[in-house]
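Thanks for asking me to look this over. Here are my notes, set out as numbered points so that you can go through them with the model open beside you.

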Protein chains: 2
Amino acid sequence: MEDQGFSTSCRPALFAVATLAGVLGTAQGVAAQAITDLQTPDTPLVLKAQGSFFVGGEKAEQTQVELGGLGPGGHITVNQMYVRYMVPQGGEGNVPVVMVHGATLTGKSWETTPDGRMGWDEYFVRKGHPVYVPDQVGRGRSGFNQALFNNVRAGTAPAASLPPWLRFSDEVVWPNFRFGAKPGAPFPDSQFPVTAVDELSKQGVPDVSFGGLPTPNPTFKALAELARRLNGAVLMGHSQSGRFPLEAALLDPTAAKGLVLVEPGVFPGRYTDEQVKTLAKLPVLVVFGDHRDTPTGISSRPSWQLSFDGCQELIGRLKAAGGQAQMLDPAQRGIRGNSHMIMQDKNSLQVADLILQWIDEHVGKRTGGNK
Amino acid sequence: MEDQGFSTSCRPALFAVATLAGVLGTAQGVAAQAITDLQTPDTPLVLKAQGSFFVGGEKAEQTQVELGGLGPGGHITVNQMYVRYMVPQGGEGNVPVVMVHGATLTGKSWETTPDGRMGWDEYFVRKGHPVYVPDQVGRGRSGFNQALFNNVRAGTAPAASLPPWLRFSDEVVWPNFRFGAKPGAPFPDSQFPVTAVDELSKQGVPDVSFGGLPTPNPTFKALAELARRLNGAVLMGHSQSGRFPLEAALLDPTAAKGLVLVEPGVFPGRYTDEQVKTLAKLPVLVVFGDHRDTPTGISSRPSWQLSFDGCQELIGRLKAAGGQAQMLDPAQRGIRGNSHMIMQDKNSLQVADLILQWIDEHVGKRTGGNK
């Protein structure tokens, strides 16, 4: 980003600090090297439109205490879903792609990578697709329902009724996101930009969706509605939201045009034959990175291979029901070392190209764009 | 947005529902009309660069309980500030503008308006300025420190130690944001797009900054650092963050090039003569809308006129110290009915033009862009 006059002279030193903090998990301040790492593309991005809006949400009446005490009680909106979008000039006829982030993260997952490269959001736009990036209900710009927390504070609800707020430690991210078996020790072929691992750490936000959201998760319905409003879209989920495209498609089987499940987390795989029959009407792509046997360090989710196996089983059932379902395992194509955060890996655009090719072949051929 | 094939046939009916819900504050579902209201500009937006990054943040060591219990204890990053940016093609030499949102809101404030028009973020880019939109530390994609909440849940910290999570009710927003004296009764000359008031309601997120953040607010330091990294910027705050540009400038008087305070909230005005002397070295613009005498419905902050008067006093002190400080009161120029959410008002671009003109005259003349 030298065009903006950022000094880059201190970059190596800052990198060294960031790397040390990342590897050792020290409690020192985190170096803010990110802005000097931002890369400017060679060609401008030409957008027909960009902006943001909300999908879903309903009114709730709350007391003054539940609203935090400053103003009087009344109504607020809860369970709405924030969506940011970019429509490429000349690409408005192509199928939109909706990218949903995983646990303890926000839509930031799909934006600029931790080491300053272009995110999948912009890359898919440059390839001709309108792109929509939500924050899941309960996180980021979608907010959450704060009433219970304020009631506990006031003593009118028991503390034990609070849901947990989940975050992953920097240390457990290394094996769980499969950068390496241990913190600070990347796999020799790791594709994750581990020198910038502290920038990934900054992407973390508290996640209330493990017990603190209505059931079913309001994001399912919001995604179905978003796809319907777009007159069809490819729904892409990642990790905790890996199965969300399936759930949205079950709510409205005509809304989405294709489902992409990137590294879906613990997979229920408990879909009935009837549900599988419904899902088999849509093209489904599952994407997994490498080193899936790595022990995650999280006892309830010992390895990602289990999720992979569950997805293989689902793919088999979808195919048996006449569906177009397939696994994209870059390692089988000789592309090794991809991590759980595959959209941020050093070869992220190589993987994106494989997904774009699948969309072309199974959902709809792009016109225009920078193919 | 008809180019994307959105159906607009149901728009009037959806609008009617949204308006009714807005006026009456009913507990019914909120109609999702927003996506059909999105307006596509006549000309494409050409960006040299866009993306996001973080500023600030430090490591904290937390227990398994504090991290929500799923994984083991370890380090996370807290107090980082998310920033999204757009740099216009040909505008990379112009002064960047940083836009900070107010209480119970996020950077969304500056994006697409509730009724689907272009936000100030894109408008300032189209006028040639690189634009940076943060989420304040503690909100949106910047996250917050969840440790205390999990400790209270586990019974190891008292419930009374929790900070409040603030949100404003839809009802109190009407007088407090000065759409009208009472809910559902807009001022005859109101500039706020009140038919879309439910879309503003969806922008609300719980706000922990009234007691739940470190002191001083980490956003002050992050803004100073951002301005420094940008080699100078116009820092613009709104409402609760209206004074943040002043606080950032006091932390690093050489970082910012100009300060714009849009409808700053309750104003301490307790700056020492020494601080005023420092601030007087920077051009300062204060912007206020109309109907400032309206009783807010919030007892601790009875009217916005008090904030206006405090700002007038500060302007006087800055001028006495040799500074270039001024009040932009559109009503004095015959532009009536502007609300507290002036960047979302129907004449938002007219007000933006006045600010752009001030930047040209007091901070730096733009080159390029679509002046």
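**Notes on the two chains**

1. Let me start with one contact between the chains: Asp198(A) and Lys59(B) form a salt bridge, with their closest N and O atoms 2.4 Å apart. Please keep in mind that this is a predicted model. The count between chain B and chain A is ten salt bridges, and the structure holds 32 over all chains.

2. Now for the interface as a whole. On the chain B side, 107 residues are in contact with 106 residues of chain A. The area buried between chain B and chain A is about 8,800 Å², and carbon and sulfur atoms give 55% of that area. Polar contacts also cross the interface of chain B and chain A: the rule finds 38 residue pairs, with both residues at pLDDT 80 or more.

3. Which element gives the most to the side of chain B that touches chain A? That is strand β1 (residues 45–62) of chain B, with 14 residues. As for composition, the residues on this side of chain B divide into 48 nonpolar, 36 polar and 23 charged.

4. Strand β1 also deserves a look for its pairing. Strand β1 of chain A (residues 45–62) pairs with β1(B) in the antiparallel sense, over three bridges. If you want a place to find this on screen, go to Leu47(A), which stands opposite Leu45(B) in β1(B).

5. A further salt bridge worth opening is that of Lys59(A) and Asp170(B), whose side chains meet at 2.3 Å, N to O. Lys59(A) lies in strand β1 of chain A and Asp170(B) in helix α5 (residues 170–176) of chain B, so the pair joins two chains. Are these two residues buried or exposed? Both Lys59(A) and Asp170(B) are buried.

6. Within chain A, have a look at Arg228(A) and Asp252(A), whose side chains meet in a salt bridge (2.8 Å, N to O). This pair links distant parts of the chain: Arg228(A) is in helix α7 (residues 218–229) of chain A, while Asp252(A) is in the loop between α8 (244–251) and β6 of chain A, 24 residues apart. Arg228(A) has a relative accessibility of 43% and so counts as partly exposed. Asp252(A) has a relative accessible area of 10%, so this residue is buried.

7. Chain B offers a salt bridge of its own, in which the side chains of Arg243(B) and Glu247(B) meet at 2.8 Å, N to O. Why does Arg243(B) count as partly exposed? Because its relative accessibility is 25%, and partly exposed covers the range between 20% and 50%. Glu247(B) is buried, with a relative accessible area of 15%. There is also a network to trace: salt bridges that share partners join Arg84(A), Arg141(A), Glu111(B) and Asp135(B) into one.

8. Turning to chain A overall, its secondary structure comes to eleven helices and eight strands. Of its 371 residues, 66% count as buried. Among the contacts in chain A with a separation of 6 or more, residues 24 or more positions apart account for 75%.

9. Strand β7 of chain A (residues 284–287) is a good place to see how strands sit in this chain. Both of its faces are covered: Val284(A) and Val286(A) on one side, and Leu285(A) and Val287(A) on the other, are all buried. Strand β6 (residues 258–262) of chain A runs parallel to β7(A), and four bridges join them; here Val260(A) stands opposite Leu285(A). Four bridges also join β7(A) to strand β8 (residues 325–328) of chain A, again in parallel, and Val287(A) stands opposite Leu328(A) in β8(A).

10. One last residue to visit is Arg301(B), found in the loop between β7 (284–287) and α10 (304–320) of chain B. With a relative accessible area of 29%, Arg301(B) is partly exposed. How far apart are Arg301(B) and Arg336(B) in sequence and in space? The two are 35 residues apart in sequence and 23 Å apart in space, C-alpha to C-alpha.

Technical notes: Residues are numbered from 1 along each chain as its sequence is written. Chains are lettered from A and ligands numbered from 1 in the order in which they are written. This is a predicted model: local features need pLDDT of at least 70, side-chain atom pairs count only at pLDDT 80 or more; totals for chains, interfaces and linings use all residues. Side-chain values use heavy atoms; hydrogens and water are left out. Contact means heavy atoms within 4.5 Å. Buried area is the accessible area (1.4 Å probe) that two parts lose on being put together, summed over both. A salt bridge is a side-chain nitrogen of Lys or Arg within 4 Å of a carboxyl oxygen of Asp or Glu. A polar contact is a pair of N or O atoms within 3.5 Å; within protein, one must be able to donate a hydrogen and the other to accept it, and residues adjacent in sequence count only if both atoms are side-chain atoms. Ala, Val, Leu, Ile, Met, Phe, Trp, Tyr, Cys and Pro count as nonpolar, Asp, Glu, Lys and Arg as charged, and the others, Gly among them, as polar. Two strands pair if DSSP finds at least two bridges between them. Buried means under 20% relative accessible area, exposed over 50%, partly exposed in between (1.4 Å probe, protein chains only).
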